[in-house]
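Visitor: Got a minute to walk me through this one? I'd like to start in the middle and work outwards.

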Amino acid sequence: MTDKILHANPSKSRTPRHRAREFALQGLYQWLLNNEDAATVVNNIRGAHGFDKADGDHFTVLLYGAIKDSVALRETFAPLVDRGVSELSPIEHAVLLIGAFELKNNLEIPYRVVINEAVELTKSFGGIDGHKYVNGVLDKLAARLRPDEVAADKKR
């Protein structure tokens with residue numbers, strides 16, 4: 001094996017924004033497991049192989065935002081999960097934090113894109129059916145956080 005870290009999804013067609021979400025997921029995973037401060041996590045991730053191909057600004061906003069707002073974000077999706085948030089896998093937990101953050105704060109990104117990106121992250125890094133779970137939770141959350149957008153989309 002080489003010195004470089006192999007990626008779970010070797011597709012070359014990943015956009016810089018998708019790569020930013022992948023790195024944010026890795027950072028949130030590190031934060032959830034090691035309880036390190038955000039600055040340490042950001043510095044570790046920024047040094048990772050391939051980070052130069054990611055949207056660094058979006059990564060920073062996602063990671064710092066999800067960590068800073070983690071309590072409020074958990075409160076938004078906790079009623080939609082079928083178990084305690086602490087019982088979620090670290091990948092599902094991190095992806096839900098990213099998805100909830102983007103649904104709440106990045107209104108310029110269509111809710112379907114937010115959900116699709118979260119599903120793709122979970123498919124790449126999570127368990128076998130974790131993507132179905134994440135899809136269901138974020139779909140319900142989108143209806144709560146962006147009711148007008150979801151309603152308009154369903155009319156099409």
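Guide: Sure. This is a predicted model. The largest nonpolar core has 46 residues, and those touching the most other members are Leu-28, Phe-59, Phe-77, Val-81, Leu-96 and Leu-138.

Visitor: Which helices supply at least two residues of this core?

Guide: Helices 1, 2, 3, 4, 5, 6 and 7 each do, helix 7 being residues 130-145. Helix 5 gives the most, with nine residues.

Visitor: Back to Val-81. What is it in contact with, leaving aside neighbours within four places in sequence?

Guide: With that restriction, Val-81 contacts Leu-88, Leu-96, Tyr-133 and Val-137.

Visitor: And Val-85, where is that found?

Guide: In the loop that runs between helix 4 and helix 5. Val-85 counts as buried because its relative accessibility is 15%, and the cut-off for buried is under 20%. Beyond four places in sequence, Val-85 has contacts with Arg-74, Phe-77, Ala-78 and His-93.

Visitor: How many Å apart in space are Val-85 and Leu-33?

Guide: C-alpha to C-alpha they are 14 Å apart, with their positions 52 residues apart in sequence.

Visitor: Let's switch to helix 1. What should its 19 residues span?

Guide: Helix 1 covers residues 16-34, and at 1.5 Å a residue it should span 27 Å. The end C-alpha atoms are 27 Å apart, so the two agree.

Visitor: Which residues of helix 1 are buried?

Guide: Among them are His-18, Arg-19, Arg-21, Glu-22, Phe-23, Leu-28 and Trp-31. The cover over the buried residues of helix 1 includes helix 2 (38-46), helix 3 (56-68), helix 4 (70-77), helix 5 (90-105) and helix 6 (111-125).

Visitor: What does the side chain of Arg-14 make a polar contact with?

Guide: The side chain of Glu-22, at 3.0 Å. Arg-14 sits in the segment before helix 1, and at 14% relative accessibility it counts as buried.

Visitor: What about just after helix 1?

Guide: Asn-35 is there, and it takes a positive phi of about 55°.

Visitor: Zooming out, how many helices and strands does the chain have?

Guide: Eight helices and zero strands. As for overall dimensions, the C-alpha trace spans about 50 × 30 × 30 Å along its principal axes. A compact globule of 156 residues would have a radius of gyration near 15 Å, and the chain has 15 Å, so that agrees.

Visitor: How much of the chain counts as buried?

Guide: 45% of the 156 residues. The chain exposes about 8,400 Å², with carbon and sulfur atoms supplying 52% of that.

Notes
Residues are numbered from 1 along each chain as its sequence is written. This is a predicted model: local features need pLDDT of at least 70, side-chain atom pairs count only at pLDDT 80 or more; totals for chains, interfaces and linings use all residues. Side-chain values use heavy atoms; hydrogens and water are left out. Helices (H or I, at least four residues) and strands (E, at least two) are DSSP runs, numbered from the N terminus. The expected span of a helix is 1.5 Å times one less than its number of residues. Buried means under 20% relative accessible area, exposed over 50%, partly exposed in between (1.4 Å probe, protein chains only). Contact means heavy atoms within 4.5 Å. A nonpolar core is a set of buried Ala, Val, Leu, Ile, Met, Phe, Trp, Tyr and Cys residues joined through side-chain atoms within 4.5 Å. A polar contact is a pair of N or O atoms within 3.5 Å; within protein, one must be able to donate a hydrogen and the other to accept it, and residues adjacent in sequence count only if both atoms are side-chain atoms. The radius of gyration is taken over C-alpha atoms; the globule rule is 2.2 Å times the number of residues to the power 0.38. Accessible areas come from the Shrake-Rupley method with a 1.4 Å probe; for residues, only the protein chains shown count as cover.
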